[in-house]
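Colleague: Could you take a close look at the salt bridge count and then set it in the context of the whole chain? How many salt bridges does the count come to?

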Amino acid sequence: MSYETYGIPASGIYTAQVTGTKAEVTDNAKSDVYSMHISNGTAALAYLQVFDLDADAVTVGTTAPTYAIGVPAGQTVNHVFGKPIIHSTGFTVASTTTRTGAVSAAQEVTIIYKSAA
């Protein structure tokens, strides 16, 4: 399937291994998130913390995430949102062992998003 059919360019697909170190998905302030595919290869529950903030404004473990998605040990979750989740300030992620903590947990993610023009 080509996401370009839905108006999402190839640059709107973010694939990476995310850890406790914050990762800026895009430097565009406004982004609409359509889906997330998260694989937790660790031996414990891990969380993908998502921030509606620019990476410079995020301190993992101190800055509260806008939302967090828990993934059980050795599992994969797929979230396709009926309506996109709108980020209006930035789009940064981190993977940790608790919902708001700073201890790193490695997860593979693929995020489909569209930034404002």
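Modeller: The count comes to 1 salt bridge, in what is a predicted model. Side chains of opposite charge can pair when their charged atoms come close. Here the partners are Lys30 and Asp32, whose closest N and O atoms lie 2.9 Å apart; the limit for such a pair is 4 Å. The two residues fall into separate burial classes. Asp32 has a relative accessible area of 15% and is therefore buried, the cut-off being under 20%. Lys30, by contrast, reaches 34% relative accessibility, so it counts as partly exposed.

The salt bridge belongs to a chain built of strands, with 8 strands and 0 helices in its secondary structure. Read from the N terminus, the elements follow one another as β-β-β-β-β-β-β-β. Of the 117 residues, 41% count as buried. The accessible surface is about 5,900 Å², and carbon and sulfur atoms account for 54% of that area. Contacts reach far along the sequence: of those between residues at least 6 apart, 81% join residues at least 24 apart.

Strands of a sheet pair through backbone hydrogen bonds, either parallel or antiparallel. One open sheet here has 4 strands in the order E1-E8-E3-E6, with antiparallel pairing. Strand E1 (13–18) and strand E6 (76–87) each have a single partner strand, so they stand at the edges, with one side of each left without a neighbour in the sheet. From one strand to the next, the twist of this sheet averages 15°. Strand E8, residues 107–115, is joined to E1 by 6 bridges, and within that pairing Thr15 stands opposite Thr110. Strand E8 is also joined to strand E3, residues 31–40, by 9 bridges, again in an antiparallel arrangement. There, Ser31 has Ser115 of E8 as its bridge partner.

A further open sheet of 4 strands has the order E2-E7-E4-E5, and its pairing is antiparallel. Its edges are formed by strand E2 (23–26) and strand E5 (67–71); each has a single partner strand, so one side of each lacks a neighbour in the sheet. The twist here averages 25° from one strand to the next. E2 and E7 run antiparallel and are joined by 3 bridges, with Thr26 opposite Phe91 of E7.

Phe91 also takes part in an aromatic pair, and the structure holds 1 such pair. The ring centres of Phe91 and Tyr113 are 5.9 Å apart and the ring planes stand at 90°, so the pair is edge-to-face. Phe91 lies in strand E7 (residues 91–96) and Tyr113 in strand E8, so the pair, by way of residues 22 apart, links distant parts of the chain. Both Phe91 and Tyr113 are buried. The pair thus brings together E7, a member of the sheet ordered E2-E7-E4-E5, and E8, a member of the sheet ordered E1-E8-E3-E6.

Strand E4 supplies another buried position. Gln49 lies in this strand, residues 46–51, and its relative accessible area is 0%, so it is buried. Leaving out residues up to four places away in sequence, Gln49 touches a list of residues that includes Val60, Pro65, Tyr67 and Ala68, as well as Thr92, Val93, Ala94 and Thr96. The C-alpha atoms of Gln49 and Thr92 are 8.4 Å apart, although their positions lie 43 residues apart along the chain.

Another residue touched by Gln49 is Thr98, which lies in the loop between E7 and E8. With its neighbours within four places in sequence set aside, Thr98 is in contact with Tyr47 and Gln49. The C-alpha atoms of Thr98 and Leu45 are separated by 8.0 Å, the two residues being 53 apart along the chain. At 39% relative accessibility Thr98 counts as partly exposed, whereas its contact Gln49 is buried.

Definitions and conventions:
Residues are numbered from 1 along each chain as its sequence is written. This is a predicted model: local features need pLDDT of at least 70, side-chain atom pairs count only at pLDDT 80 or more; totals for chains, interfaces and linings use all residues. Side-chain values use heavy atoms; hydrogens and water are left out. Two strands pair if DSSP finds at least two bridges between them. Helices (H or I, at least four residues) and strands (E, at least two) are DSSP runs, numbered from the N terminus. Axes are lines fitted to C-alpha atoms, for helices over the stretch in contact, and angles run from 0 to 180 degrees between N-to-C directions. Rings of Phe, Tyr and Trp (its six-membered ring) pair if their centres lie within 6.5 Å; planes under 30 degrees apart count as stacked, over 60 as edge-to-face and the rest as tilted. Buried means under 20% relative accessible area, exposed over 50%, partly exposed in between (1.4 Å probe, protein chains only). Contact means heavy atoms within 4.5 Å. Accessible areas come from the Shrake-Rupley method with a 1.4 Å probe; for residues, only the protein chains shown count as cover. A salt bridge is a side-chain nitrogen of Lys or Arg within 4 Å of a carboxyl oxygen of Asp or Glu.
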